[in-house]
Amino acid sequence: MTEKALRLGTRRSKLAMAQSGQVADAVSRVTGRPVELVEITTYGDVSREALAQIGGTGVFVTALRDALVRGEVDFAVHSLKDLPTTQPEELALAAVPVREDPRDVIVARDALKFTDLPRGARVGTGAPRRMAQLNAYARAHGLDITTVPIRGNVDTRIRYVRDGELDAVVLAAAGLNRIGRIEEVTDFLSVDTVLPAPGQGALAIECTADNADLVAALAELDDPFTRAAVTAERSLLAALEAGCSAPVGALADLLADGQSVKEMRLRGVVGTTDGSRTVQLSTTGPVPQTHEQALALGRDLATEMLAQGAAGLMGERAQ
């Protein structure tokens with residue numbers, strides 16, 4: 001007799017379905033059980049308001065978590081950057097698989113690079129974080145761009161460029177990789193130019209905390225380095241008391257000496273969306289061996305950033 005299928009809760013977007021399908025295959029391999037996708041519509045999927053207006057934090061996550069708690073699905077897959085920084089006690093973050101490319105990318109008309117965009121170029125992005133950093137870079141390098149707030153899925157955003165409404169749009173490399181459209185990218189933005197959102201490129205696999213067997217099975221998909229990195233990044237975000245729609249960029253990466261990984265570097269940035277003022281700092285320390293050490297890395301850098309005036313650059317601080 002075949003074992004009952006595990007039910008994986010996922011958002012309905014093309015990207016969510018693609019990444020959930022990849023996780024489903026991996027979970028089938030480690031558990032030997034079939035996995036079926038259960039499509040769930042979240043508030044963030046149906047609302048047409050700007051993310052900053054609807055609060056950003058949790059809008060793509062709450063419906064999936066509710067379905068978990070009610071027992072309608074066995075586990076759920078999220079883009080980790082969409083998760084609120086506080087973890088509900090009844091749910092376990094069972095696995096953070098190996099991270100995809102965390103960088104932001106440009107899809108521009110005429111295959112242009114970001115630095116080759118014409119004067120007055122209209123660049124679309126829904127993220128205050130991207131606006132702040134692109135505008136700061138433009139100011140520092142004599143570029144003349146206008147950032148235009150947009151929403152919508154990958155198809156919608158790229159269509160703005162194809163239809164000539166915008167000169168370029170900014171997207172996440174990880175998403176385009178997962179849906180097989182990375183060849184449409186005209187420029188990869190170095191993390192020295194634009195730091196990604198905390199947790200960008202990483203997935204979060206959640207189940208109820210009391211399902212010990214499933215927690216253990218899903219843990220086989222966990223990548224300890226990715227988990228330490230995103231924990232530090234999200235700890236920075238939490239300590240700045242900022243939601244996922246705030247203009248905060250963060251990236252923790254591993255510094256290797258030859259074959260062995262020696263240290264973890266955490267970089268953080270916060271800025272006004274017009275790019276006129278930014279606070280950008282970094283810290284380097286031993287690779288965190290515990291959850292607490294990863295949290296401390298983020299907290300300590302946030303403290304330094306707040307001392308340099310970061311709080312005043314974020315507008316309304318998320319409570």
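Buried means under 20% relative accessible area, exposed over 50%, and partly exposed in between. The exercises below use a predicted model.

**Exercise 1.** Classify Ile40 as buried or exposed, and place it in the chain.

*Solution.* Start with location. Ile40 sits in the loop between strand 2 (35-39) and helix 2 (43-46). Next, take its relative accessible area, which is 12%. The cut-off for buried is under 20%. Ile40 is therefore buried. Finally, add a distance: the C-alpha atoms of Ile40 and Val73 are 10.0 Å apart, with their positions 33 residues apart along the chain.

**Exercise 2.** Classify Leu254 and find the surface patch that contains it.

*Solution.* Leu254 belongs to strand 11 (residues 248-257). Its relative accessibility is 32%, so Leu254 counts as partly exposed. Together with Phe225 and Val261, Leu254 makes a nonpolar surface patch of about 220 Å².

**Exercise 3.** Work out which strands stand at the edges of the five-stranded open sheet, and why one side of each lacks a neighbour.

*Solution.* Write down the order: 7-6-8-5-9, with mixed pairing. Strand 7 (145-148) and strand 9 (187-188) are at the edges; each has a single partner strand, so one side of each has no neighbour in the sheet. Now inspect one pair. Strand 6 (residues 121-124) and strand 7 run parallel, joined by four bridges. In one of the pairings, Gly124 has Val148 of strand 7 as its bridge partner.

**Exercise 4.** Identify which strands helix 4 and helix 5 lie across.

*Solution.* Take helix 4 (residues 128-141). Helix 4 lies across strands 5, 6, 7 and 8, at about 175 degrees to strand 7. Then take helix 5 (residues 154-162). Helix 5 lies across strands 5 and 8, at about 155 degrees to strand 8.

Methods: Residues numbered from 1 in each chain as written. Predicted model: local features only at pLDDT ≥ 70, side-chain atom pairs only at ≥ 80, totals over all residues. Heavy atoms only, no water. Pairing = 2+ DSSP bridges. Helix = DSSP H or I, 4+ residues; strand = E, 2+ residues; numbered from the N terminus. Contact = heavy atoms within 4.5 Å. Axes fitted to C-alpha atoms, helices over the stretch in contact; angles between N-to-C directions. Patch = residues over 30% accessible without salt bridge, like charges linked within 9 Å, V, L, I, M, F, W, Y side chains within 5 Å. Areas by Shrake-Rupley, 256 points an atom, 1.4 Å probe, with all protein chains shown as cover. Salt bridge = Lys/Arg side-chain N within 4 Å of Asp/Glu carboxyl O. Buried < 20%, exposed > 50% of the residue type's maximum accessible area, 1.4 Å probe, protein only.
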